[in-house]
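Reader: I would like a close look at one part of this protein, with its surroundings. Please take the aromatic side chains as the starting point and work outward.

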Amino acid sequence: MSFSALTRSGSLFRAAQKLNGVSSVTYKRSAMNLRLFSSENAKLVSPPIVYIKGEEMTRYCMDLILKEWFEPNVDISNWEFYDLSCKCRDDTEDQVLHDAIAAGKRLGSIFKEPTVTPTAEQKEKLGLKKAWGSPNGAMRRGWKGITISRDTIHIEGMDFGFKRPVLFERHAVGGEYSAGYGMVGAGKIKTVFFPKDQTQQDIVIDQRVLEDETNAVVTYHNPLDNVEDLAHHFFKRCLKAQVTPYVVTKKTVFKWQEEFWTKMLKVFDDHYKGDFQDAGLLHTTGGNLMHLISDAATMQIIRWTDGGFGMAAHNYDGDMLTDEIAQVHRSPGFITSNLIGKNDDGSLIKEFEASHGTVTDMWEDTQNGIETSLNPLGLVEALIGAIEHSVHLQAASEEEGESHEMIEFTRRLRRIIHRAMVEGKGTRDISGPKGLTTENFVSYIAGIIKKTSPEMKKLVAAERSVRTKPVREKSVSAIIDEEAMKEFFDSIDTDRNGVIDYEEFCSGMIRIGVYPKKFFADPGSKGGR
């Protein structure tokens, strides 16, 4: 039954009038959001985010999710959409990328679908003017990237590679990714630093003789000014998640990595060591922040399957080690990937994306009419992250942000997805051959969202409020443990909205073993009970 159909009948219509006021549309304003109720429709209003569209299978899947999960329930008119498909970047001479970066800096919260960085072969196949580079480097520079946070995703009731959370911070700048290089022959090479202050002497960084006829000469640097920001972000997250922190480098060989470790250690000792000791998180590290050589970290990731640890590393090491974590845990689809940057006013810019690519093989199958089963969990976790960060950017306090209706919606959505996967209604990577197809999974979740929408529950709650309040038997009321009763109610009210629906009621009764059972006829009798 639709919302409007439900409000046409009897007391439910009167309840809807109580919610909506005299007119058909009522606006309720607060300092941080605009809430819309309508007799024809009731939607949550999402705060603004930048939504970056990619391509191939992940774009197809997210288009379905927007259409079936969000548009019927959420007003997303505040979202700004930017198309970073190869064709759109080519048509706009990459202006769309610059516009998306500017919007991200302005709004502070970004969701990004996986994009394609075209090869020379794809350039010809797609008819592009040029093989456009990866947008990620431009985004990291434009948003003053500090770190890429990559964490394991867990679902209660399901076993994964790591039992407890694993957190990772990958330095977002520097290293091989921004390297300059040239192919040269035999000869000499000199690397010279020219100070910005021209009154200072030039410094020769390195000089050597090249004897081979073919040489690749590579130059890159590691910016270190934002390592303190990375350290604070990392240690705060480890404390919140109650995991033990480690810093990973190859400083025994790559001497220039010593400074990264030194800066991380100083921030830890000056600001966090006591908190970690009090929390009992350093008993395996001798009461101190431990350094791991990257080789050792590679081995420990395989061994430490109980989880409960965090690592921070340089850009390249972080890239490789988080790929290993993804494989141990299950797949890249169960790892988050969030770029953390810093705005001019000191607020954090956060860009959320799945840690996997565009899933080209499934896209080709879809185009050829072959059934697919893409698990969108990583994509949805990223969109949830962007929405929640936007809410908190606009909130006056942490408490105000946590009470926002969009936070309730996103967390309910997460619970619905997790429950479907636990109950065998997930995609085939989770539920096996009987799992749902890409389209059927999206539709199944959409149906659950509709049945459990807060608007439906508010109507039911409003109708109940006009009923006569039940009177307890005095003999029973005197012996009831009110605190235990409230605790039991809260355990059944899983979405914490103060209303118990039928599914929640059934789950609670089954849990305590109080429920009617079916009686089956005796095969030897003429009738049944």
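Is W363 buried, partly exposed or exposed, and what is its relative accessible area?

Author: A word on the source before the details: this is a predicted model. W363 is partly exposed, because its relative accessible area is 23%.

Now the wider aromatic picture. The structure holds 18 aromatic pairs. One of them joins Y51 and F81. The two ring centres lie 4.9 Å apart, and the planes make an angle of 35°. That pair is tilted. Y51 sits in strand β4, residues 50-53. F81 sits in strand β6, residues 80-83. The pair links distant parts of the chain, with the two positions 30 residues apart. The partners differ in accessibility. Y51 has 0% relative accessibility, so Y51 counts as buried. F81 has a relative accessible area of 37%, so F81 is partly exposed.

W363 has its own partner. Y60 and W363 form an aromatic pair, again described as tilted. Here the centre-to-centre distance is 6.1 Å, with 45° between the planes. Y60 belongs to helix α3, residues 56-70. W363 belongs to helix α13, residues 360-367. This pair also links distant parts of the chain: the two residues are 303 residues apart. Y60 is partly exposed, because its relative accessible area is 23%.

Back to Y51 and F81. Both are members of one aromatic cluster. The other names in that cluster are F70, W79, F111 and F409.

Some rings meet a charge. The charged end of R170 sits over the ring of Y177, at 5.1 Å from the ring centre. R330 lies over the face of F334. The distance from R330 to that ring centre is 5.8 Å.

Next, a histidine. H389 is placed in helix α14, residues 377-394. H389 has a relative accessible area of 10%, so H389 is buried. Leaving aside residues up to four places away in sequence, H389 touches G108, S109, L348, I349, K350 and F352.

Then a helix pair. Two packed helices are described by the angle between their axes and the distance between the axes. Helix α21 covers residues 482-492, and helix α22 covers residues 502-512. They pack at an angle of about 120°, and their axes are 9 Å apart. That angle makes α21 oblique to α22. On the α21 side, the contact involves F488, S491 and I492. On the α22 side, E504, F505, G508, M509, R511 and I512 take part. The residues of this contact divide into 5 nonpolar, 2 polar and 2 charged.

Last, the backbone. Most residues other than glycine have a negative phi. E93 is not a glycine, yet E93 has a positive phi of about 55°. E93 is found in the loop between α4 (86-91) and α5 (95-107). E93 has a relative accessible area of 48%, so E93 is partly exposed. Q242 is likewise not a glycine, and its phi is positive, about 60°. Q242 lies in the loop between α8 (227-241) and β14 (244-249). Q242 counts as partly exposed, because its relative accessibility is 36%.

Conventions
Residues are numbered from 1 along each chain as its sequence is written. This is a predicted model: local features need pLDDT of at least 70, side-chain atom pairs count only at pLDDT 80 or more; totals for chains, interfaces and linings use all residues. Side-chain values use heavy atoms; hydrogens and water are left out. Axes are lines fitted to C-alpha atoms, for helices over the stretch in contact, and angles run from 0 to 180 degrees between N-to-C directions. Helices (H or I, at least four residues) and strands (E, at least two) are DSSP runs, numbered from the N terminus. Angles under 35 degrees count as roughly parallel, over 145 as roughly antiparallel, 65 to 115 as roughly perpendicular and the rest as oblique. Contact means heavy atoms within 4.5 Å. Ala, Val, Leu, Ile, Met, Phe, Trp, Tyr, Cys and Pro count as nonpolar, Asp, Glu, Lys and Arg as charged, and the others, Gly among them, as polar. Buried means under 20% relative accessible area, exposed over 50%, partly exposed in between (1.4 Å probe, protein chains only). Rings of Phe, Tyr and Trp (its six-membered ring) pair if their centres lie within 6.5 Å; planes under 30 degrees apart count as stacked, over 60 as edge-to-face and the rest as tilted. A charge sits over a ring if NZ of Lys or CZ of Arg is within 6 Å of the ring centre and within 35 degrees of the ring normal.
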